[in-house]
Amino acid sequence: MITRIASHHVVDRDGNDSPATITVEAGRIRTISEGIDPEAELVDEWILPGYVDTHCHGGAGADFTDPDHEAALRAVRYHRSQGSTTLFASTVTAAIDDVVTQIGRLRRLVDSDEVAGIHLEGPFLAESRKGAHAVELLCDPDPVSVDRLIEAGGSALKMVTIAPERAHGLEAVATFSRAGVHAAIGHTECDNVTASAAVNAGADVVTHLFNAMPSIHHRQPGPVPPMLTDTRVVCELICDGVHLAPDVIRMAMSTAGPQRIALVTDAMSATGQPDGDYILGSLPVKVLDGKARLVAADGSLGAIAGSTLTMGRAVEFVTSVVGIPLGQAAVMAATTPAKLHGLDAVGVIEEGRWADLCLTDAKGHLVRVIRRGEAV
Ligand SMILES: [Zn+2]
């Protein structure tokens, strides 16, 4: 158990680092004092807030839609060991009845404080931007389905990805937002006007910006420019070196800044596992060199199917490859997603919050994880 820990680089809510000593009591941060207390354990690493991954489908061979509770716990523990001291469980597209059943099971993980919330990715997605979602199960967010999901999820349901151009799309955005569920624009064919209309209706986050949506064109801007520039919107980015080129990440950073970017993994069950054959939802996926791709009926490889990313590697990638300062990477990995979802006991190294800490070297490489004052 950690009681007093100090570093020359303790990162604050704005991403600035300074020498500080943290004391921990009953799993929470009791005090933070400037400078190095000689009684404390002085570490060489930077101390960052524990990472908050709000888009994660599984890991360690387990998928959050798997009915096996122990398997889901295995995925939680794996991601925790890789820096995600706070985690959402994400579903993939399924029939509404099945999604309701999955929500029921996942609520056990929320009630037992293993995950902080549920994110539904699908079934209200665009067929033309389905990614690794089963096309025959995609559907419109009709009011009856929306109400069923809100009722099934209760306060555990935190976010739903919606293609706002679908019939009832804007209405669904408004209904989810009113119910306290963040409506995320994603897997969409929408144009800039529809994307902004969705934000006006209450959407405040974009699911893996750039991926599974129209690219920027100077005469047909698509959803990316208004979402990057609208100060009401947080943009998820998958920074694994596969989904986005470093130049694109730098452009997003200079436009939206770390306060409006949330690093997510979008990790699938193969995360932390060897290359091979896996299932995402109901679809076969092959992982080669850590890259997950859908497998077509003829065996050829199709769309990128989630990632095998961890939050630890995401922070390291944006720091050491993209060149973003480590403190700002910490804001994107922890502070911004926690703030968006009202998780006020995590996301910042601050008195009274959980002692959830990620210790990294100066290039962002994860060395040690502490959750609620205990070594993970
Ligand atoms: Zn996706």
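This passage describes a zinc site, two helix contacts and one buried residue in a predicted model. Residues are numbered from 1 along each chain as its sequence is written, and side-chain values use heavy atoms, with hydrogens and water left out. Because the model is predicted, local features need pLDDT of at least 70 and side-chain atom pairs count only at pLDDT 80 or more, whereas totals for chains, interfaces and linings use all residues.

The zinc ion is coordinated at 2.1 to 2.2 Å by Glu-121 (OE), His-187 (NE2) and His-208 (NE2), where donors are N, O and S atoms within 2.8 Å of the metal (3.2 Å for Na, K and Ca), and the site may look incomplete since water is not among the atoms. The spacing of these donor residues in sequence is E-x65-H-x20-H. Glu-121, in strand 10 (residues 117–121), and His-187, in the loop between strand 12 (182–185) and helix 5 (192–201), are 66 residues apart and link distant parts of the chain; helices (H or I, at least four residues) and strands (E, at least two) are DSSP runs, numbered from the N terminus. Both Glu-121 and His-187 are buried (under 20% relative accessible area, with a 1.4 Å probe and protein chains only).

The axes of helix 2 (residues 96–111) and helix 3 (residues 143–153) come within 9 Å and cross at roughly 15°, the axes being lines fitted to C-alpha atoms over the stretch in contact and the angles running from 0 to 180 degrees between N-to-C directions. Helix 2 and helix 3 are therefore roughly parallel to each other (angles under 35 degrees). In their contact (heavy atoms within 4.5 Å), Ile-96, Asp-97, Val-99, Val-100, Ile-103 and Arg-107 of helix 2 meet Ser-145, Arg-148, Leu-149, Glu-151, Ala-152 and Gly-153 of helix 3.

For helix 3 and helix 4 (residues 169–178), the axes come within 10 Å and cross at roughly 20°, which makes helix 3 roughly parallel to helix 4. This contact involves Pro-143, Val-146, Asp-147, Leu-149 and Ile-150 from helix 3, together with Glu-171, Ala-172, Thr-175 and Phe-176 from helix 4.

Ile-22 lies in strand 2 (residues 17–25) and counts as buried because its relative accessibility is 0%. Beyond its neighbours within four places in sequence, Ile-22 is in contact with residues including Thr-3, Ile-5, Val-10, Ile-47, Ile-349 and Leu-357. Ile-22 and Glu-350, 328 residues apart in sequence, are 9.1 Å apart in space, C-alpha to C-alpha.

How values were computed
Buried < 20%, exposed > 50% of the residue type's maximum accessible area, 1.4 Å probe, protein only. Parallel < 35°, antiparallel > 145°, perpendicular 65-115°, else oblique.
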